[in-house]
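Student: I would like to practise reading a protein–DNA model. Where do we begin?

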Number of protein chains: 2
Amino acid sequence: MIKNLNRETSITLVLDIIRKYGPINRCKIAKRTSLSPATVTNITDKLIKTGFICEIPTTISKRGRRPINLVLSNKNHLSIGIEIDSRRITGVIIGLSGDIVRKERVDINRSTPKDIFKRSIELYNSLIRNLDKKSIIGLGIGIPGLIDSKNKKVLFSAVLGWKDVSVEEFFEAIDTPIFIEDNVRAITLGELWYGAGIGRDNLLCIGAGRGISVGIVIDGSIYSGPNDRAGEFGHIVVEKDGKRCKCGNYGCLEAYVSTEAIIEKVLDGVKNNAYTGFSPKNENELFEEIIYTGKKGDKFILNIFEEVGEYLGIGLANLINLFNPELIILADELAKAGDLILEPVKRTIRLHALPPIPEIVTSKLGTLACAVGSATLAIKELLYSRLDRYLGG
Amino acid sequence: MIKNLNRETSITLVLDIIRKYGPINRCKIAKRTSLSPATVTNITDKLIKTGFICEIPTTISKRGRRPINLVLSNKNHLSIGIEIDSRRITGVIIGLSGDIVRKERVDINRSTPKDIFKRSIELYNSLIRNLDKKSIIGLGIGIPGLIDSKNKKVLFSAVLGWKDVSVEEFFEAIDTPIFIEDNVRAITLGELWYGAGIGRDNLLCIGAGRGISVGIVIDGSIYSGPNDRAGEFGHIVVEKDGKRCKCGNYGCLEAYVSTEAIIEKVLDGVKNNAYTGFSPKNENELFEEIIYTGKKGDKFILNIFEEVGEYLGIGLANLINLFNPELIILADELAKAGDLILEPVKRTIRLHALPPIPEIVTSKLGTLACAVGSATLAIKELLYSRLDRYLGG
DNA sequence: GGTTTTTATTTCAGTATATAAAATTAACTA
DNA sequence: TAGTTAATTTTATATACTGAAATAAAAACC
């Protein structure tokens, strides 16, 4: 049990400031936390001794004693993150400040939970070879679908074709805390702590791939809703009595905006002899090929992104009107399209969203976002809930 | 300045529990706050001495010493709330537990800020006659429009026809802290603390009248967004390229769902000899008359509510998919329609929202919601930020 | 009816955290 | 070299929180 609640929160407060605004010196931490400099000295001493943070030399030269900057340390505590999707498993090791220490990726075909988790454990073991096991603080796993992260269950995953899969049992052999999360929330956390969202407190992260959902950051933390069902962006209605969606309803955003919808449109066009330079080659890389052709200036493809962008723009305008975010990050597959999709999106937003229009950017962590974000799950848990175990001994 | 941050937060914690779950005894407070019983005794002693809470006798009879229940006290601290809208000014006095001590309402026609605030001050003085001025903790004012509550400015109000009105100067004569807030957020706060939302932490409160917006409650507190622009529910697009909205765009929810849109539809029908028993009488009470006719079973009116309800249902389904709220409260003018609108709304929601479908209810505070919520602004500020001033001396 | 059990609350001594104020350190400057 | 400025640390102090024991107040038991 936590022996003293206040001490815990003060330490977390300081760590939070260092994470968000580091490198930062003790004086500034004191100001930001409204703790006294004396307290900051006490806390940072402990944190340095336990290896969470370290001092780095300052070169700036004003008058007075030079401030000593503090940053999260990447040396003593490492976290592992694994992204599972239908085509591959991606693993990373990151330090507390989000630096990627190692990364590995394996392609997969099989898709039974048992097979996939077996490959995941192989990947985990490969990643941590030669590492001091004491430095590993946890393993986070990002999985597309409906996740019960508290009970470590995959309730449903359309992409993987899973239903009611309990994750914990598969990882019994691994002697480190395990965390699972829905892939888009993992991406959101990754971008918030270590990516495009650093220093922001209210942002939305759009995970657009086969499905489309939104990671919601409110006052610096991820909002999942009381039943973890928040962020079902794909099924908001943007056109009453519109196109039929896979969910059975009509006019859902996902019916218009998803890699599948785009691929379908393109293939339809090709089949009907549309004027385009696109011809499908690798079954598995269709979307990437479409983007490639689009970026070369293919009018047919450009038009499709124009259309899709308009729908996505309406969806984002709705989000802006509701959430008034500082920033919107476009992530996952669709983000690969870059300006191809961003341009029409931004144009539509200007028409439909009430000002202020937030910045809209693509993912900074790119294809590693989910794995990094998953690793961040363990770091977050450590910094917010498990600190005492490290500070006590 | 707050002398000791930790003490402050513990006291607030305890007060919060008493507010949300009171009447409640010290033992249960200790469990809920994870403070020790000893600490709870200390804190509650202080709170009793300063008149924030009081003990009430317990009648239940189990084994063991009877618990002593604690509740917020209505005796020593009172808050005034005033709602300003285009047709009337409504004032209430409430105690800390939300009990309405007094209420008054005046009709107005004039609408210059100066006139309206003059009437508001008259109302204020009338409300507080014979009261011990020391017991008054503040005055909250709810105003429809875009409010800068920090700087106490009305940036824009379509309903009142105001732009850039600084509120503070008008109330210089009043010697109590003043708070202003957008009317829907005030309603939301009122319902959350003292109305249909008691004990809930994640809910949405739909303020539907001439305009339509949503008060968002996340983890027990109201989310306004970094620029106070969150909740612009009226301008989310539910039908791409749909009906033109006053804002200039097409397909906004507000174009379909608002008292104005309903009145317009009804009058149109009457003009075109629709088969209906409705005939407009009092220019100012049109909407109430429509509801009255509808509740009598008039098919024409019922159909209109059916149509409008379908649009509102789609809007709410979108909110449910995004926010996964525990509860949705329908408030303001449209709430007066009750089941007339709730039935079609619920039906549409079942079609378009992903489960779990939250409870959907109408405002509990009714026409006093905004005034009560405005008064709550002062109470909230007192409990969260001004406690030390009372506990110190 | 008195004793025991149960539960709620309070007392009290001890611990530890935060603070203010003063001291120290470490730079630059005149 | 002394003076100025700014960052950090030291020190003594105050106090919030806790655990454990004590007390209070009820019902249950014999």
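Tutor: Keep in mind that this is a predicted model. Begin with one side chain, B:L78, which has a relative accessible area of 6%.

Student: Is B:L78 buried or exposed?

Tutor: Buried means under 20% relative accessible area. At 6%, B:L78 is therefore buried.

Student: Which element holds B:L78?

Tutor: Strand β4 of chain B, residues 78-84.

Student: Which residues does B:L78 touch, leaving out those up to four places away in sequence?

Tutor: Among them are B:I93, B:I94, B:V101, B:L131, B:I136 and B:I137. B:G95, B:S135 and B:G138 also touch B:L78.

Student: How far is B:L78 from B:P37?

Tutor: Their C-alpha atoms are separated by 29 Å, and the two residues are 41 apart along the chain.

Student: Now the DNA. Which residues come nearest to DNA strand C?

Tutor: A:S10, B:C27, B:R63, B:G64 and B:I68, out of 27 around the strand. Sugar and phosphate make up 76% of the strand C atoms that come within 4 Å of the protein.

Student: Which helices supply at least two residues each to that surface?

Tutor: From chain A, α1 (5-21) and α3 (37-49); from chain B, α2 (26-33) and α3 (37-49). By class, the surface has seven nonpolar, twelve polar and eight charged residues.

Student: What reaches the phosphate oxygens of DNA strand C?

Tutor: Separate side chain from backbone. B:R26 uses a side-chain N or O atom, 3.1 Å from a phosphate oxygen. B:T41 also uses a side-chain N or O atom, at 2.8 Å. B:C27 instead places a backbone N or O atom 2.8 Å from a phosphate oxygen.

Notes
Residues are numbered from 1 along each chain as its sequence is written. Chains are lettered from A and ligands numbered from 1 in the order in which they are written. This is a predicted model: local features need pLDDT of at least 70, side-chain atom pairs count only at pLDDT 80 or more; totals for chains, interfaces and linings use all residues. Side-chain values use heavy atoms; hydrogens and water are left out. Helices (H or I, at least four residues) and strands (E, at least two) are DSSP runs, numbered from the N terminus. Buried means under 20% relative accessible area, exposed over 50%, partly exposed in between (1.4 Å probe, protein chains only). Contact means heavy atoms within 4.5 Å. A residue is near a molecule or strand if one of its heavy atoms lies within 4 Å of it. A polar contact is a pair of N or O atoms within 3.5 Å; within protein, one must be able to donate a hydrogen and the other to accept it, and residues adjacent in sequence count only if both atoms are side-chain atoms. Ala, Val, Leu, Ile, Met, Phe, Trp, Tyr, Cys and Pro count as nonpolar, Asp, Glu, Lys and Arg as charged, and the others, Gly among them, as polar.
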